[in-house]
Each structure stands twice: as C-alpha cells, then as structure tokens.
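Colleague: Please give me a close look at a single part of this model, at a pace that suits a first-year student.

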Amino acid sequence: MSPLHLSFYSAFTLSSLGLAFHRTHLISALLCLESMMLSMYIALSTWPIENQAASFTLMPVLMLTFSACEASAGLAMLVASTRTHGSDHLHNMNLLQC
C-alpha cells in the first residue's frame, strides 16, 4: 500500500470515527462529513491518473457536486435547528418531538 493510499484511508477512517464518537454539536458532525467527502474526492481524483483510465474522469466532478449539495443542506439544517432550539447541541434535538 502506497503512502498516498494510506493517507486517504486514514483520513476517511479518522473522520468516520470522529462522526461516531464526537456527536455533541451539529457543526462537528457536518465537518466530519465534509472531511469524509474531501478524502473520497481526492481519492477519486487520483484514481484515474493511476490507472490511465479516461472514462472515470467525470466521477470526481459529480461527487463534488453532490458534496456541495450535502453541505448546503447541512448548513440549512444547522441554521434551522439553531433558530428553533437555540443551539446546535445534538442532545437537545429529538426527532420524535415535532
């Protein structure tokens, strides 16, 4: 395994562990999701270069588009929950209460 692949795998693993264990604020969960998407984007950007495959060069652009949509939806949820609940603590939010 090359050091480049090890850094992608470790960045994805650390961000998923951060998402699993540090769920106190919504902004920290969103940052962990964005770091996961960033490591996947960089890995998908280098993959066609390593394999000399021109057919997969559009894949990182599509993933970047979905990542931007995910970030905007997450920030909209952050603003909405901060306005309704007063903070972005995840323990204040209950999906069963509407």
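Colleague: At 1.5 Å a residue, what length should the 27 residues of H3 span, and how far apart are its end C-alpha atoms?

Modeller: This is a predicted model, in which local features need pLDDT of at least 70 and side-chain atom pairs count only at pLDDT 80 or more, while totals for chains, interfaces and linings use all residues. Residues are numbered from 1 along each chain as its sequence is written, and side-chain values use heavy atoms, without hydrogens or water.

The helix H3 (a DSSP run of H or I, at least four residues, numbered from the N terminus) covers residues 59-85. At 1.5 Å a residue, the 27 residues of H3 should span 39 Å (1.5 Å times one less than the number of residues), and because the end C-alpha atoms of H3 are 38 Å apart, the two values agree.

Turning to the residues themselves, we find that Pro60, Met63, Ser67, Gly74, Leu78 and Ser81 are the buried residues of H3 (under 20% relative accessible area), and that these buried residues pack against H2 (contact is heavy atoms within 4.5 Å). As a general point, an α-helix has 3.6 residues a turn, so residues three or four places apart point the same way.

Phenylalanine 66, which also has its place in H3, has a relative accessible area of 58% and is therefore exposed (over 50%, with partly exposed in between, for a 1.4 Å probe and protein chains only). Although phenylalanine 66 and methionine 37 are 29 residues apart in sequence, their C-alpha atoms are 9.4 Å apart in space.

Finally, just after H3, glycine 86 takes a positive phi of about 90°.

Conventions: Helix = DSSP H or I, 4+ residues; strand = E, 2+ residues; numbered from the N terminus.
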